[in-house]
Structure formats: C-alpha cells, structure tokens
Amino acid sequence: MNEHFNDIFVTTSCPTQQQLLDYVQGKLSAEEQHEVEMHLSDCELCNDALEGLAAIKDKEKIPGWIIEMKWSLLKKLHKRYRTRRKSENYISLAVIILCILFLLLALFWAYHFSIRH
C-alpha cells in the first residue's frame with residue numbers, strides 16, 4: 001500500500017504495537033518494561049492505547065483483532081483514495097473537453113471572419 005497509510009507508531013519514538021501488547025501480556029524483560037513505563041509517563045497516546053489493551057480480557061486474541069482492524073481501515077482508506085482519484089480524473093477530462101471545444105470555436109470564428117474580409 002501507500003506510505004500514507006503507515007502505522008502511527010512506526011513514525012514516532014513510541015513503542016511498537018507489539019511492544020505495548022507484550023507489555024500488557026507481561027512478556028517484556030525488566031529492562032524493556034522499564035523503557036516502556038518511562039515512555040508511558042510522557043506519552044498520552046501510548047498511555048491511552050495501553051489502557052485500551054489492558055481492558056481487553058482475551059489478550060491472546062488482540063493481535064488477530066489488530067490485523068483485522070488494520071486491513072479494514074486500509075480498505076476503507078484505499079477506497080476513499082480511489083474515489084477521490086476518480087473524481088479528479090473526471091475534472092481533468094472536463095477541462096480537456098472544454099479546451100478542445102474552445103479551440104474548435106476559435107478556429108471556426110477565425111475561419112469565418114477570414115473568408116469575409
């Protein structure tokens with residue numbers, strides 16, 4: 001897909017989604033856990049994400065849900081992007097047709113007045 005649709009956590013200094021999930025599931029080493037906690041003290045976005053992950057009871061199902069939600073969101077964004085591109089193509093086509101009509105009208109007018117004079 002397009003780089004416009006990258007994961008928000010990839011382009012920041014935030015922990016990855018997997019790191020947050022591992023933190024919630026208790027799979028991080030003590031050092032990694034400390035790094036995540038230090039980041040959480042300053043980052044409201046990650047704090048909210050972690051709070052949401054912690055509220056889920058079946059934590060082992062989270063990775064599947066994340067993948068499913070990502071694909072659903074990417075499909076919607078891609079569809080919206082295609083629709084926008086389609087309307088831009090129609091506008092371009094309309095401008096080209098108007099230019100051709102204007103050129104034909106100008107040629108007709110020039111020819112018509114050149115015969116009379």
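1. Helices (H or I, at least four residues) are taken here as DSSP runs, numbered from the N terminus, and Asp22 lies in one of them, helix H1 (residues 17–25). The model is a predicted one, in which local features need pLDDT of at least 70 and side-chain atom pairs count only at pLDDT 80 or more, while totals for chains, interfaces and linings use all residues. Residues are numbered from 1 along each chain as its sequence is written, and side-chain values use heavy atoms, with hydrogens and water left out.

2. Asp22 is buried (under 20% relative accessible area, 1.4 Å probe, protein chains only). Asp22 nevertheless has no salt bridge (a side-chain nitrogen of Lys or Arg within 4 Å of a carboxyl oxygen of Asp or Glu), and the nearest side chain of opposite charge, that of Lys27, is 4.7 Å away. Leaving aside neighbours within four places in sequence, Asp22 is in contact (heavy atoms within 4.5 Å) with Lys27 and Leu28.

3. The structure holds zero disulfides (pairs of cysteine sulfur atoms within 2.5 Å). The cysteine sulfur closest to that of Cys14 belongs to Cys46 and is 3.4 Å away, which is too far for a bond. Cys14 is buried, with a relative accessible area of 13%, and Cys46 is buried as well, at 0%.

4. In helix H3 (residues 44–54), Cys46 is joined by Leu50 and Leu53 as buried residues. These residues are on the same side of H3, because they cover an arc (that of the directions from the helix axis to the C-beta atoms) of only 60 degrees around the axis. On the face of H3 turned away from the buried side are the exposed (over 50% relative accessible area) residues Glu44 and Glu51.

Definitions and conventions. Helices (H or I, at least four residues) and strands (E, at least two) are DSSP runs, numbered from the N terminus. Lys and Arg count as positive and Asp and Glu as negative; His and the chain ends are not counted.
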